[in-house]
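Below are some comments on the model you sent, set out as numbered points. Please read them with the structure open beside you.

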Amino acid sequence: MENGRANMKPVTGISQVTCTAPVNIAVIKYWGKRDEQLVLPINPSLSVTLSQDQLCARTTVAASADFKRDRVWLNGQEQSVDAPRLQKCLGEIRRLARKRKHKDERAGDLLGSCVHVCSENNFPTAAGLASSAAGYACLVQSLAKLFHIDGDVSHIARQGSGSACRSMYGGFVEWTMGRLEDGADSVAKQVAPAEHWPELRVLVAVVNAGKKAVGSTEGMQTTVKTSALVKYRAEHVVPSRQEDMRQAILERDFQTFGEITMKDSNQFHATCLDTYPPIFYLNETSKHIIHLVHRYNRHHGKIKAAYTFDAGPNAVLYLLQDDVPEVLALLRHFFPPSSTNNSEREFVQGLPDANRKDLPAELLNSVGLEPSPGSVQYIIHTRAGQGPQVLTDPQQALLDEKGWPKKQN
Ligand code: DP6
């Protein structure tokens, strides 16, 4: 824009944007980087974006010439703004804004201002539910809107946390490896929108965990350094699996979708066991859930439910709507809430659990596990959902009209 700069007015007052962003759960796992700095993966991955009605991050960002420095609050507590990944995302957004200001002067308007960022999750961070993916997707989406940057910014979210790039889109999303050295083509792309497969449902079983496991960043570093299996997986297994999975989604073929999901989760955990020293993310409850699913599927002679586990013991089950009552009844039977444990919280949260089902004795016999009260804390019943959203109602903002957190712990 030729005369854009001449028209550029100094920004007074405050600019503010609030967004929400979803959690995603991979069915082809990302595990291992070929470039730590740029967060470039050793294999492509594919995930389902979960509905924000049940799980989401919310972030408000504000820019003002009155702010003295960049500041960040997370779940009510101020955090150091020097965290390298946060710096990376802020820096990349400002770099892009600088580059684009010749095309759209608004992109450059705020470059002289510091920002305030306030973010929270609508679910406990400690529950180990991919909070960093939703958090970084939300941060990057909000900053991009604030700086008037249009188009895909998943390559920036990727640098906050690899899996965050997939939370930039709704539905079924793949993260391509990319070939460019600067990682500009290692981006997320939608395979199909959430509406493509309306019957698909998700049950997240939040398992009572012991001490905190190795974080994914550190865990995958050790795996890449020490595991021969992870190299084989990246070169010889994932490329064809990614294609088969994409096809299964496009055809809404639950048999193939379920089988690949379970095999890929198992192989990811096998690479963790192949890491030296080994990493264990699954606990006894996770293993019981794996047995339950296989025995349940065998009982019916087809795949009716598929499990997947990330860097922790929580189980995520994919299934079709009609089977939700039976699978929930099985989970309640074998993993009932303990009488002493969190009686205020509903055991099954999220989408309605109205269709309670009586379980036939043959099915209970086929599963044949010892009931384990209290080992599952609660279950979130959800489905695939949309990508990040902008909230326009100022009541939903986390910063007040002057750009300061409305609540702080
Ligand atoms: C097991 O995205 O948390 O959930 O890039 O180091 O932040 P960093 O790792 P992160 O790893 C997620 C690993 C996973 C599998 C997946 O989501 O694909």
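1. The side chain of histidine 196 reaches the backbone oxygen of isoleucine 249 at 2.7 Å, a polar contact in the sense of a pair of N or O atoms within 3.5 Å, where within protein one must be able to donate a hydrogen and the other to accept it, and residues adjacent in sequence count only if both atoms are side-chain atoms. A polar atom of the same histidine 196 side chain lies 3.4 Å from the backbone oxygen of leucine 250. Histidine 196 sits in the loop between strand E11 (188-192) and strand E12 (200-207), where helices (H or I, at least four residues) and strands (E, at least two) are DSSP runs numbered from the N terminus. With a relative accessible area of 16%, histidine 196 is buried; buried means under 20%, exposed over 50% and partly exposed in between, with a 1.4 Å probe and protein chains only.

2. Please keep in mind that this is a predicted model, in which local features need pLDDT of at least 70 and side-chain atom pairs count only at pLDDT 80 or more, while totals for chains, interfaces and linings use all residues. Residues are numbered from 1 along each chain as its sequence is written, and side-chain values use heavy atoms, with hydrogens and water left out.

3. On the ligand: 17 residues surround it, and Tyr30, Lys33, Ser161, Gly162 and Ser163 come nearest, a residue being near if one of its heavy atoms lies within 4 Å. Oxygen atoms of the ligand are approached by a polar side-chain atom of serine 163 at 2.7 Å, by one of arginine 166 at 2.8 Å, and by an N or O atom in the side chain of threonine 217 at 2.7 Å. Taken alone the ligand exposes 460 Å², of which the protein buries 93%; these areas come from the Shrake-Rupley method with a 1.4 Å probe.

4. Where does the ligand lie with respect to domain 1 and domain 2? Domain 1 (15-192 + 388-396) and domain 2 (200-382) both give residues to the shell, so the ligand lies between them, with bounds taken from an automatic or database domain assignment. Helix H6 (residues 216-226) gives the most to this shell, with three residues.

5. The structure holds 14 salt bridges, each defined as a side-chain nitrogen of Lys or Arg within 4 Å of a carboxyl oxygen of Asp or Glu. In one of them, lysine 29 pairs with aspartate 310, the closest N and O atoms being 2.6 Å apart. Lysine 29 lies in the loop between strand E2 (24-28) and strand E3 (33-35) and aspartate 310 in the loop between strand E13 (305-308) and strand E14 (315-320), so the pair ties together parts that are 281 residues apart in sequence. Lysine 29 counts as buried at 3% relative accessibility, whereas aspartate 310 counts as partly exposed at 29%.

6. Arginine 241 and aspartate 264 also meet in a salt bridge, at 3.0 Å from N to O. This pair links distant parts of the chain, with arginine 241 in helix H7 (residues 228-250) and aspartate 264 in helix H8 (residues 254-273), 23 residues apart. Both partners are buried, arginine 241 at 15% relative accessibility and aspartate 264 at 0%. Elsewhere, salt bridges that share partners join Arg58, Glu120 and Lys407 into one network.
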